[in-house]
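Me: I'm new to this structure and would like to learn how to read it. Could you take me through its features one at a time?

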Amino acid sequence: MAELDPFGAPAGAPGGPALGNGVAGAGEEDPAAAFLVQQESEIAGIENDEAFTVLDGGAPGPQPHGEPPGGPDANSRKQEAEWKEKAIKELEEWYARQDEQLQKTKANNRAAEEAFVNDIDELSPGTEWQRVARLCDFNPKSSKQAKDVSRMRSVLISLKQAPLVH
């Protein structure tokens with residue numbers, strides 16, 4: 001019997017797979033074609049398996065791992081129910097913690113916003129340089145700038161201590 005390629009043409013046919021070194025009918029079997037034939041036969045064997053008859057409405061065959069044909073046993077169903085209850089409980093606790101954290105964050109943000117608004121509204125004369133000094137980092141070790149800003153730092157500190165008189 002002539003072997004067929006995946007598209008149905010016989011081996012060595014003009015539209016079929018070439019055998020051997022590209023010459024049709026050279027007497028050697030193509031390893032790829034042999035592999036495809038083997039895979040097709042395995043697939044045909046799987047399609048005729050009992051598992052597909054269950055899906056088609058047939059009688060169930062033996063269950064894997066020694067389980068009875070009725071499905072999972074009572075212990076596994078009980079364990080699954082316990083896991084579901086535990087997961088639901090943990091999820092509710094997580095939501096409660098997240099809600100609590102969200103409320104704390106909202107309260108902290110409101111307090112920070114209120115303090116910022118109060119600082120902005122504070123426009124008494126002579127506090128301008130103190131407000132500028134609060135925004136600046138005067139620690140020379142924490143500054144990772146490449147430029148030397150020590151002179152600017154000293155000018156701002158002196159203006160903070162003795163502001164200019166208008």
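Reply: Sure, let's start with a rule: a salt bridge is a side-chain nitrogen of Lys or Arg within 4 Å of a carboxyl oxygen of Asp or Glu. This is a predicted model, where local features need pLDDT of at least 70 and side-chain atom pairs count only at pLDDT 80 or more, while totals for chains, interfaces and linings use all residues. Residues are numbered from 1 along each chain as its sequence is written, and side-chain values use heavy atoms, with hydrogens and water left out.

Me: How many salt bridges does that rule give?

Reply: Side chains of opposite charge can pair when their charged atoms come close. Here the count is 2 salt bridges. One joins Lys 84 to Glu 80, at 3.5 Å from N to O. In the other, Glu 100 meets Lys 104, with the closest N and O atoms 3.6 Å apart.

Me: Where do Lys 84 and Glu 80 lie, and where do Glu 100 and Lys 104 lie?

Reply: Helices are DSSP runs of H or I with at least four residues, strands are runs of E with at least two, and both are numbered from the N terminus. Lys 84 and Glu 80 are both in helix α3, 4 residues apart, or about one turn of the helix. Glu 100 and Lys 104 are also both in helix α3, again 4 residues apart.

Me: Why does Glu 80 count as partly exposed?

Reply: Buried means under 20% relative accessible area, exposed means over 50%, and partly exposed is in between (1.4 Å probe, protein chains only). Glu 80 has 41% relative accessibility, so it counts as partly exposed. Glu 100, at 47%, and Lys 104, at 46%, are partly exposed too. For the protein chain, 7% of the 166 residues count as buried.

Me: What helices and strands does the protein chain have, and which has the highest mean pLDDT?

Reply: The protein chain has 5 helices and 0 strands. As for pLDDT, that's the predictor's confidence in each residue, from 0 to 100. Helix α3 (residues 74-121) has the highest mean, 93, and helix α2 (residues 50-55) the lowest, 54. The protein chain averages 74, with 58% of the residues scoring at least 70.

Me: How many aromatic pairs does the structure hold?

Reply: A pair of aromatic rings is described by the distance of the centres and the angle of the planes. Rings of Phe, Tyr and Trp (its six-membered ring) pair if their centres lie within 6.5 Å; planes under 30 degrees apart count as stacked, over 60 as edge-to-face and the rest as tilted. This structure holds 1 aromatic pair. The rings of Trp 94 and Tyr 95 have centres 5.2 Å apart and planes at 65°, so the pair is edge-to-face. Trp 94 is partly exposed, at 39% relative accessibility.
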